[in-house]
There are 2 protein chains.
Amino acid sequence: MGAKRKARPTAAELKILNVIWTHGPSTVRFVNDRLNEEKTPKGGGRTIGYTTTLKIMQVMAEKGLLERDESRRSHLYGAASPQHQVQRLLVDRLLQTAFGGSALKLVMQALGGHKAKPEEIARIRELLDRMEGGRR
Amino acid sequence: MGAKRKARPTAAELKILNVIWTHGPSTVRFVNDRLNEEKTPKGGGRTIGYTTTLKIMQVMAEKGLLERDESRRSHLYGAASPQHQVQRLLVDRLLQTAFGGSALKLVMQALGGHKAKPEEIARIRELLDRMEGGRR
DNA sequence: GGAATACTACGAAATTCTTCGTAATTTAAT
DNA sequence: ATTAAATTACGAAGAATTTCGTAGTATTCC
């Protein structure tokens with residue numbers, strides 16, 4: 001057992017995880033560049049310092065959110081848990097803290113505020129069918 | 001100007017909001033009692049101090065999350081925003097930070113991990129029907 | 001080799017969140 | 001009226017998060 005705690009990623013940590021989930025194991029430099037190339041529609045176009053990203057990623061490795069490969073000069077950090085697992089954790093957390101455990105209400109909120117594409121709606125219907133039918 | 005809109009409630013603040021959403025405008029004493037009467041199935045049954053709850057609620061009033069009625073000796077705190085509005089905010093935030101804006105994926109996660117009751121599934125179908133413009 | 005470059009390690013400041021202790025004030029009890 | 005109880009105000013400590021600066025170490029380039 002190494003890093004199996006229920007570490008909940010913070011906002012900054014999630015941004016980093018998103019980069020790594022998208023691009024795979026990455027160096028600090030790469031992640032920092034991705035974070036900074038985001039457009040800032042609002043005035044605050046502040047760039048994140050390299051050592052800031054470094055530090056957070058080091059902390060994440062300690063927490064068990066990332067795994068570090070030190071075999072090369074520039075360490076490679078990979079996600080310790082797959083994206084869907086962390087998403088599940090966050091959804092469950094939100095479910096408990098803000099929706100009293102009612103997945104239905106959460107779903108209604110998620111769908112209610114966005115005009116889902118017909119295709120998405122179809123996908124959800126399929127999911128519902130499968131859940132109901134019990135076969136799969 | 002004093003009450004800022006964008007205020008996102010923290011974990012502790014959300015617990016307080018849940019009490020107030022459920023019971024309506026409440027005193028600090030009442031909220032604190034509700035928070036402490038929760039059973040802690042696991043070891044850490046530590047009680048929250050009265051002044052802790054008081055302080056957080058005062059801060060929440062400053063942030064604009066709660067509104068305070070000082071007409072009586074024991075101040076009454078009410079929610080500044082309806083539950084659904086805050087839920088929407090939190091869902092949107094999660095959508096952006098962890099699901100890349102895809103409501104579909106969030107919904108799949110929310111539904112995937114829970115055996116929804118047939119009734120809930122039916123409700124969601126209704127919602128989908130309405131989203132598609134009533135016809136189908 | 002020596003200078004410039006790139007990266008990690010370390011520590012600490014700044015912020016926010018959470019927690020209380022203490023003092024002051026008001027209400028209730030005796 | 002005095003004492004006791006309850007409540008608010010204030011401030012501050014502790015913890016977690018986010019931010020860097022500086023120093024040290026390795027790599028690359030004349």
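How are H5(A) and H6(B) oriented to each other, roughly parallel or roughly perpendicular? Keep that question in mind as we walk through this predicted model, beginning with the way its protein chains meet and then turning to the DNA.

Take the pair of helices in the question. Helix H5 of chain A covers residues 103-112, and helix H6 of chain B covers residues 118-131. Their axes lie 10 Å apart and make an angle of about 10°. Angles under 35 degrees count as roughly parallel, and H5(A) and H6(B) are therefore roughly parallel to each other. If you look at the side chains between them, H5(A) contributes A:Leu104, A:Val107, A:Met108 and A:Leu111. Across from these, H6(B) brings B:Glu120, B:Arg123, B:Ile124, B:Leu127, B:Leu128 and B:Met131. The contact of H5(A) with H6(B) has eight nonpolar residues and two charged ones, with no polar residues.

H5(A) has another partner in chain B. Helix H4 of chain B, residues 83-98, has an axis that comes within 9 Å of the axis of H5(A), and the two cross at roughly 75°. That angle makes H5(A) roughly perpendicular to H4(B). Here the residues of H5(A) are A:Gln109, A:Ala110 and A:Gly112, and they meet B:His84, B:Gln87, B:Arg88 and B:Val91 of H4(B). By class, this contact holds two nonpolar, four polar and one charged residues.

Now swap the chains. Helix H4 of chain A (residues 83-98) and helix H5 of chain B (residues 103-112) have axes that come within 9 Å and cross at roughly 75°. H4(A) and H5(B) are therefore roughly perpendicular to each other. On the H4(A) side you will find A:His84, A:Gln87, A:Arg88 and A:Val91, and on the H5(B) side B:Gln109, B:Ala110 and B:Gly112. The contact of H4(A) with H5(B) divides into two nonpolar, four polar and one charged residues.

What relates chain A to chain B? A rotation of 180° with 0.0 Å of shift along its axis superposes chain A on chain B, at an RMSD of 0.1 Å. That is the relation of a two-fold axis. To place the axis in your view, look for A:Val107: in chain A, its C-alpha is the nearest to the axis, at 2.8 Å. Both copies use the same surface, since 100% of the contact residues of chain A recur in chain B. A:Val107 is also one of the residues of H5(A) that meet H6(B).

With the protein pair in place, turn to the DNA, starting with strand C. There are 23 residues around this strand, and those that come nearest are A:Tyr50, A:Gln58, A:Arg73, B:Thr10 and B:Thr52. Of the atoms of DNA strand C that come within 4 Å of the protein, sugar and phosphate account for 58%. Several polar contacts reach the phosphates. A polar side-chain atom of B:Thr10 lies 2.5 Å from a phosphate oxygen of strand C. The side chain of A:Arg68 has an N or O atom 3.0 Å from a phosphate oxygen of this strand, while A:His75 uses a polar backbone atom, also at 3.0 Å from a phosphate oxygen. The elements that give two or more residues to this surface are helix H2 (28-36) and H3 of chain A, together with helix H1 (11-23) and H3 of chain B. The surface near strand C has six nonpolar, nine polar and eight charged residues.

Strand D has 22 residues around it, of which A:Thr10, A:Thr52, B:Arg29, B:Tyr50 and B:Arg73 come nearest. Among the atoms of strand D within 4 Å of the protein, 62% belong to sugar or phosphate and the rest to bases. A polar side-chain atom of A:Thr52 sits 2.8 Å from a phosphate oxygen of strand D. From chain B, the side chain of B:Arg29 places an N or O atom 2.9 Å from a phosphate oxygen, and the side chain of B:Arg68 does so at 3.0 Å. Helix H1 (11-23) and helix H3 (50-63) of chain A, along with helix H3 (50-63) of chain B, are the elements that give two or more residues to the surface near strand D. That surface has five nonpolar, nine polar and eight charged residues.

Methods: Residues are numbered from 1 along each chain as its sequence is written. Chains are lettered from A and ligands numbered from 1 in the order in which they are written. This is a predicted model: local features need pLDDT of at least 70, side-chain atom pairs count only at pLDDT 80 or more; totals for chains, interfaces and linings use all residues. Side-chain values use heavy atoms; hydrogens and water are left out. A residue is near a molecule or strand if one of its heavy atoms lies within 4 Å of it. A polar contact is a pair of N or O atoms within 3.5 Å; within protein, one must be able to donate a hydrogen and the other to accept it, and residues adjacent in sequence count only if both atoms are side-chain atoms. Helices (H or I, at least four residues) and strands (E, at least two) are DSSP runs, numbered from the N terminus. Ala, Val, Leu, Ile, Met, Phe, Trp, Tyr, Cys and Pro count as nonpolar, Asp, Glu, Lys and Arg as charged, and the others, Gly among them, as polar. Axes are lines fitted to C-alpha atoms, for helices over the stretch in contact, and angles run from 0 to 180 degrees between N-to-C directions. Angles under 35 degrees count as roughly parallel, over 145 as roughly antiparallel, 65 to 115 as roughly perpendicular and the rest as oblique. Contact means heavy atoms within 4.5 Å. Copies are superposed by least squares on the C-alpha atoms of residues with pLDDT of at least 70 in both.
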